[in-house]
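Hi everyone, thanks for making room for me today. I'd like to walk you through one model, so please have a look at it first.

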Amino acid sequence: MLFSSPAFFVFFFVYFCLHRIVPVRYRTYLIIGGGTVFYAWWKIEYTWLPYLLMATAYGGVVWMQRAADAVSRKRRAAVAIVALFLPLLFFKYTNFIYGDLLGPVFGWRGSLLHLQLPLGVSFITFTLCAYVVDIYRRRFSEGHRASTVLAYVLFFPHLIAGPILRPDELIPQLEAPRAASRRRWAVPVAIFTLGLVKKLVFADPIAEVVDAGYRLGSSVSAPGALLAIYGFSVQIFCDFSGYTDMALGLALLLGVRLPNNFFRPYTAGSIVDFWRRWHVTLSFWLRDYLYIPLGGNRHGRLQEARNIVITMTLGGLWHGASWTFVIWGLFHGLGVASVHTMRRVLEVGRFLPKWLAAVITFHFVTLGWVFFRAPSVGAAEDMLAAVFRGGWENGPALLATNAFTMLLIAVFFLTHRFDDHRRVKVAARRLRPEILWPIIAGLWLLAITVSQGSSAKFIYFDF
């Protein structure tokens, strides 16, 4: 169920009415019921999966708490985490291991499994892993009810594509919910509208041009390749940050604050800064639950670089079971490690103007997006080669045909540095209602008109 679809608006209207009616002490059960319906809408046969993952994590924590000593506690936590990751490994990586890793060795071809990847399984697994690890490290208190932990997983605004929540970011809000207030509606509706515009006005129309460019493969022209490459950088940001904006707005309407995932990432002055602004909850998850346990920067520069590369490569593989994602993660890992080294050895940051550092970083990220988007390594190579080898004969025709798309890309880059929830909140609180609500209504009308009443699936639903 897409946040931008008519079916979701019907669902949310009913859910919001129940949220206003149901007593606070029963709201946890409403979250569980609503999240179950929301998840089952995609594929009812997989509705059991969030429950199984939650039972695995919760049972593992209870088992861990009964350990007689620290060694046993650690061992039980490790077993719980391994068990938690087994469904993800099975559904997402069986065919990759069978065909891509072992296939060349044993001559195996094709796929071993023909199962659809469960929606949001990666995000649910990472969320519950944080729950287990934080309790093991005693960073989060023990003794929470199973229904509360299940609601922590099934809270539908973050269920499918994040943000990836730590238990202390949501569970306390579920246990002590805020009273509903109509005066707080302006800010969440404004934030949701921002996400709706990003998705329907920018991401979906640009996606059509990007998809067409990648379908042409090696026959794409140079301007077509450039449009597809730069277009995808805009598309993926507007798609994913648009989802996050809508999720945060919906949660605020329900009295829950979720952490933002994006802070104008294309204004970043380095690849390190980029990952402090892009998919922030994943970046911090990888840092706290993978990079630091690997040793972080405690054992010298070489070990630090190794740990960064391992962390980012596994982060790339988390996005998808394909060599393209491995290359994308490795590419970013090498970039982050190089920036850390250059800052310490050469201190190059002080020699570059901020605008130039941002341009270089953006193009580094855009180059990596080619592997993220391409269906295969060969397709990525074809797209990059087309920039230099493709003809320019159809340049004027391409400009004429895709004038609206290029206008959207230009508007995006002109406004990206203003994409800040703080600005939205200030505007929503200061503007008079007779000004604010017509602006919001106009943006909704624009989004519906551009989308013609339909919306494409969010990119991160595949991860």
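I'll go through a few residues, then ring pairs, charges over rings, a cavity and some backbone angles.

One thing to say at the start: this is a predicted model.

Let's begin with leucine 30. It belongs to helix α2, which runs over residues 27-40. Is leucine 30 buried or exposed? Its relative accessible area is 12%, and the cut-off for buried is under 20%, so leucine 30 counts as buried. Who are its partners, once we set aside the neighbours within four places in sequence? Leucine 30 is in contact with Tyr15, Leu18, His19 and Val22. Take tyrosine 15 from that list: the C-alpha atoms of leucine 30 and tyrosine 15 are 8.3 Å apart, with their positions 15 residues apart along the chain.

A quick word on cysteines. How many disulfides does the structure hold? The count is zero. Two cysteines to look at while you have the model open: cysteine 17 is partly exposed, at 31% relative accessible area, whereas cysteine 238 is buried, at 2%.

Now to the aromatic rings, where there is plenty to show. The structure holds 58 aromatic pairs, and I've picked two of them.

In one pair, the ring centres of phenylalanine 16 and tryptophan 185 are 5.5 Å apart and the planes meet at 70°, so the pair is edge-to-face. Where do these two residues sit? Phenylalanine 16 is in helix α1, residues 6-21, and tryptophan 185 is in the loop between α9 (167-175) and α10 (186-216), so the pair ties together parts that are 169 residues apart in sequence. As for accessibility, phenylalanine 16 is buried at 13%, while tryptophan 185 is partly exposed at 30%.

The other pair is tyrosine 98 with tryptophan 108. Here the ring centres are 5.0 Å apart and the planes are at 10°, so this pair is stacked. Tyrosine 98 comes from helix α4, residues 70-101, and tryptophan 108 from the loop between α5 (103-106) and α6 (121-136), with 10 residues separating them. Tyrosine 98 is buried, with a relative accessible area of 19%, and tryptophan 108 is partly exposed at 34%.

Staying with rings, let me bring in some charges. Which ring does the charged end of lysine 92 sit over? That would be the ring of tryptophan 318, with the charged end 5.5 Å from the ring centre. Arginine 287 also lies over a ring face, that of phenylalanine 284, at 4.5 Å from the ring centre.

Next, the empty space inside. The count comes to six cavities of 30 Å³ or more. I'd like to zoom in on the second largest, which holds about 90 Å³ of space. Its lining is made by 13 residues, and the closest to the cavity centre are Arg27, Ile31, Leu174, Pro177 and Val256. Which helices supply at least two lining residues each? They are α1, α2 and α9. Of the contributors, α2 gives the most, with three residues. We met α2 earlier, as the helix of leucine 30.

On to the backbone. Two arginines have a positive phi although neither is a glycine. For arginine 138, phi is near 65°. Arginine 138 is found in the loop between α6 and α7 (146-154), and it is exposed, with a relative accessible area of 60%. For arginine 264, phi is about 45°. Arginine 264 has its place in the loop between α11 (222-253) and α12 (271-274), and at 22% relative accessibility it counts as partly exposed.

My last stop is valine 387, in helix α17, residues 377-389. What does valine 387 touch, not counting residues up to four places away in sequence? The list is Ala222, Ala225, Leu226 and Ile229. Valine 201, on the other hand, is 27 Å from valine 387, C-alpha to C-alpha, and the two are 186 residues apart in sequence.

That's my tour, thank you for listening. If you'd like to go back to any of these spots on the screen, just shout.

Key:
Residues are numbered from 1 along each chain as its sequence is written. This is a predicted model: local features need pLDDT of at least 70, side-chain atom pairs count only at pLDDT 80 or more; totals for chains, interfaces and linings use all residues. Side-chain values use heavy atoms; hydrogens and water are left out. Helices (H or I, at least four residues) and strands (E, at least two) are DSSP runs, numbered from the N terminus. Buried means under 20% relative accessible area, exposed over 50%, partly exposed in between (1.4 Å probe, protein chains only). Contact means heavy atoms within 4.5 Å. A disulfide is a pair of cysteine sulfur atoms within 2.5 Å. Rings of Phe, Tyr and Trp (its six-membered ring) pair if their centres lie within 6.5 Å; planes under 30 degrees apart count as stacked, over 60 as edge-to-face and the rest as tilted. A charge sits over a ring if NZ of Lys or CZ of Arg is within 6 Å of the ring centre and within 35 degrees of the ring normal. On a 1 Å grid over the protein atoms alone, a cavity is a set of points where a 1.4 Å probe fits but cannot get out, and a pocket is an open set with protein on both sides within 12 Å along at least five of seven lines; lining residues have an atom within 4 Å of a point. Grid points are joined across faces, edges and corners, and a volume is the space filled by probe spheres set on the points.
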